Amino acid sequence: MTHLTVDKPPRSRPAPAARPGGLRRFSASSPSWLFAAPALLVYAAVVLYPAAAGVVYAFTDWSGIGQDMSFVGAANFLALLDDEQAMGSIGNTLLLTLAIVAVQNGVGLLLALGVHARLRSRAVLRVVFFSPVVVSPVMVAFLWKYVYNPDPSAGLNGLLGLRIDWLGDPSVALWSIAGMVVWQYAGYSMVIFLAGLEGVPKELHEAAMIDGAGTFQRFRYVTWPMLAPAVTINLMLSTIGGLKLFDQVFAATNGGPGYATETLSTVLYKQAFVFGKFGYSTAIALVLALFVAAVSLVQISYLRSREVAS
Amino acid sequence: MRRTFVLEIVMVAVAVAFMFPVYILISLSLKDPAQISQTPLALPAPPTLDNFGKAWSAAALGPSLVNSTVITVVSLVALVALGSFAAYFLARAHSRLGYGLYILFLLGIVLPFQLGMIPLYELVNDLGLLGTHTGMILFYTGIQLPFTVFLYTGFIRALPRDYASAAQIDGASHLTAFTRVVFPLLRPITGTVLILNAVFVWNDFFTPLLYLGGSGFETVPVSVFAFVGQYVSDHGLVFAGLVLGALPIVLIFLLLQRYVIKGFSSGLKG
């Protein structure tokens, strides 16, 4: 998920016209396109060709064995509408994403505000909250699988004196998965908010204080508008991460109990590698890709306009 | 002053609560099965290191660490080399081709890899690269190139052109100007590229499970996954395996924490 850290495509400036004389004119000689050739070759082989082939497979009934396949038009997508498990997984994916986006960013912002203050322990706190980010999500999921032990004397139940079957109760399991994801990545949101907070000039706060603004007002009218770029990045990162969530679900519940925690990614995995319906699986992947693309576009344009307005 | 003090106490309390799963992880790894079932939350009394020796060999952690290291290091070298070269062209070309290619690379940031997952599996299989380091390295280089190219291109665009131009006036080719003059100037963004890609490649699970599962060339997350599946009921052993599996990257993080955190939060300025 790290490859989505960045939100701001640098503005593509039109190439400056070569000025007569001097160095500029000289530098107008561009490097050969061969500089990009090796990267392009690998990128095309690993990303572009497979994605394009994926779009084609989505309209076939390919079983994964041999070259036997025929075009079935939109049949895979129509089958999807009748597939309770797949439709349920779309709902689960959206709910899970919504929960992760809201809680992870809320917690991340509060942590950032806390750690941003002049605390003696701020350096240690930052490392503590960030550390789960670098660990493999699969291992975090295995740890939490035990923390979510239904045994009332062990794990989270033992600590809090509860008797909840965190991962076994279908009405709770999805939120438990969201909980472990938030635990792992709240520190990621925190450091991005923190970078935003550090960019707010002190003078602005001082000026607002002189004008008699209280803590909340200063947050609302000084800090918050300046956090807009950090909010953009965090919302995009957590949304895309949520939509594509696989490792944690696969390791903790494998979609169960029943279909309670099945996501688009786990369903498309099973359709391909358990049931051998490769065409159908790619159709689900195409739906996922459309979700991700739609969300990215909406978020970019909406949050951009907000950034400009504030 | 008093407000910071109260806040400090609150934040430390939050951090302690936050560490609860880590306490569970470490304390269980130091307990024998009897302690785990009788006093699951208490400190290990007495602590035992038996789980660690068993977990190390049962999870085949030695070989997996070598596999993970080889795959991560070679992928990083390839990403830095291919990514920075491509970005030099994309940032400095004044042509439609340059702009078009840049957009083409950006597309890869948005595309979920699942869309090409099956065709790519087929391709890797046809090339005879399933179950090999080469297959994984090729995969990571391709899948992380868009993001790498994006970071480098933004950085190079912001660099003054004069350094490279001066070298060229002295008779250097673009190739020499890039390797001798421009590339050393890219050090800050190369740091970010290395950190973000290293954490991604080291921890990635799904593709190595698919490509390497059962090959004997498994990476750490895949080995740990298989190991946990096998010993699922022996929590002490499983947790010792998790501690050992997570230890290398956690140690590196603690050593380089400033740079790592900076790398992860630098998306803002990118």
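# Reading a two-chain model

Author: Let's begin with helix 8 of chain A, which is mostly covered, with 22 of its 26 residues buried. This is a predicted model, in which local features need pLDDT of at least 70, side-chain atom pairs count only at pLDDT 80 or more, and totals for chains, interfaces and linings use all residues. Residues are numbered from 1 along each chain as its sequence is written, while chains are lettered from A and ligands numbered from 1 in the order in which they are written.

Reader: Glad to start there! What does buried stand for?

Author: A residue is buried if 20 or more other C-beta atoms, placed from the backbone, lie within 10 Å of its own; exposed means 12 or fewer, and partly exposed is in between. In chain B, 49% of the 270 residues are buried.

Reader: And where is helix 8 of chain A kinked?

Author: A bend is the angle between axes fitted to the seven residues ending at a residue and the seven starting there. Here the kink is about 45° and is centred on Tyr185(A). Expected span is 1.5 Å times one less than the number of residues. Helix 8 of chain A (residues 173-198) reaches 37 Å from first C-alpha to last, close to the 38 Å expected.

Reader: How many helices and strands does chain B have?

Author: Both are DSSP runs numbered from the N terminus: H or I for helices, at least four residues, and E for strands, at least two. Chain B has 15 helices and zero strands.

Reader: Which radius of gyration does chain B have, against a compact globule of 270 residues?

Author: The radius is taken over C-alpha atoms, and the globule rule is 2.2 Å times the number of residues to the power 0.38. That gives near 18 Å, but chain B has 23 Å. Its C-alpha trace spans about 75 × 65 × 30 Å along the principal axes.

Reader: How many residues of each chain are in contact?

Author: Contact requires C-beta atoms, placed from the backbone, within 7 Å. By that rule, 90 residues of chain B meet 91 of chain A. Helix 8 (residues 133-157) of chain B gives the largest share of the chain B side, 14 residues.

Reader: What classes of residue make up that side of chain B?

Author: Ala, Val, Leu, Ile, Met, Phe, Trp, Tyr, Cys and Pro count as nonpolar, Asp, Glu, Lys and Arg as charged, and the others, Gly among them, as polar. The chain B side has 64 nonpolar, 21 polar and five charged residues.

How values were computed: Two residues are in contact if their C-beta atoms, placed from the backbone, lie within 7 Å.
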